[in-house]
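Thanks for coming. I will take one structure and go through it, starting with two loop residues and ending with the core.

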Amino acid sequence: PLSHADAIATVHGGLRGSEINALADMADEVGAQVYTIDRAYQETQNRIARHLLVRPRELLDFVRHAAVTLSGGNSAELERGLSPAVREILEVDRE
């Protein structure tokens with residue numbers, strides 16, 4: 001089962017704990033340092049909520065995407081259906 005942190009990361013475009021551990025292990029092997037730089041997930045949740053509150057169609061698309069992602073399904077097709085503004089919040093703003 002997903003931890004609370006992994007579920008949030010899965011829905012809001014972050015890395016899961018296992019992915020972070022693998023990255024840290026690889027960095028250790030080559031003697032590199034890893035710095036975690038990201039905004040707080042609550043800020044991402046709030047930005048998504050504010051955007052979707054007045055856009056019911058986009059909200060429905062986002063809920064479908066979240067449900068498929070959390071159930072372990074392939075959400076790649078649904079991700080393409082997310083609005084450009086939601087993709088901006090989840091992906092581009094965080095890079």
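One cut-off before the residues: a residue is called exposed when its relative accessible area is over 50%, and buried when that value is under 20%. Keep in mind that what you see is a predicted model.

Now take Tyr35. Buried or exposed? Its relative accessible area is 62%, and the cut-off for exposed is over 50%, so Tyr35 counts as exposed. This tyrosine sits in the loop between α2 (17-30) and α3 (41-53). Its side chain makes a polar contact of 2.4 Å with the side chain of Gln33. For a sense of where the loop lies relative to α2, Ala24 is eleven residues from Tyr35 along the chain, and the two C-alpha atoms are 9.6 Å apart.

The second loop residue is Ser83, placed between α5 (76-81) and α6 (84-90). Ser83 has a relative accessibility of 12%; buried means under 20%, so Ser83 is on the buried side. Which residues does Ser83 touch, leaving aside those up to four places away in sequence? They are His51 and Glu58. With Glu58 there is also a polar contact between the side chains, at 2.6 Å.

Next, the chain as a whole. It has six helices and zero strands, so to speak a plain run of α-α-α-α-α-α along the sequence. There are 95 residues, and 24% of them count as buried. The accessible surface is about 6700 Å², with 56% of that belonging to carbon and sulfur atoms. Among contacts with a separation of 6 or more, 57% are between residues 24 or more positions apart.

Then the core. The largest nonpolar core has seven residues: Ile48, Leu52, Phe62, Leu82, Val86, Ile89 and Leu90. Helices α3 and α6 each supply at least two of them, and the largest share, three residues, comes from α6. Leu82 of this core is followed in the numbering by Ser83, the buried loop serine from before.

Last, confidence. How high is the average pLDDT of the chain? It is 77, and 73% of the residues score at least 70. By element, α2 has the highest mean, 87, and α1, residues 4-11, has the lowest, 67. Where pLDDT is low, the predicted coordinates should not be read in detail.

That is what I have; I will take questions.

Conventions: Residues numbered from 1 in each chain as written. Predicted model: local features only at pLDDT ≥ 70, side-chain atom pairs only at ≥ 80, totals over all residues. Heavy atoms only, no water. Helix = DSSP H or I, 4+ residues; strand = E, 2+ residues; numbered from the N terminus. Buried < 20%, exposed > 50% of the residue type's maximum accessible area, 1.4 Å probe, protein only. Contact = heavy atoms within 4.5 Å. Areas by Shrake-Rupley, 256 points an atom, 1.4 Å probe, with all protein chains shown as cover. Polar contact = N/O pair within 3.5 Å; in protein donor to acceptor, adjacent residues only side chain to side chain. pLDDT = per-residue confidence, 0-100. Core = buried A, V, L, I, M, F, W, Y, C linked by side-chain atoms within 4.5 Å.
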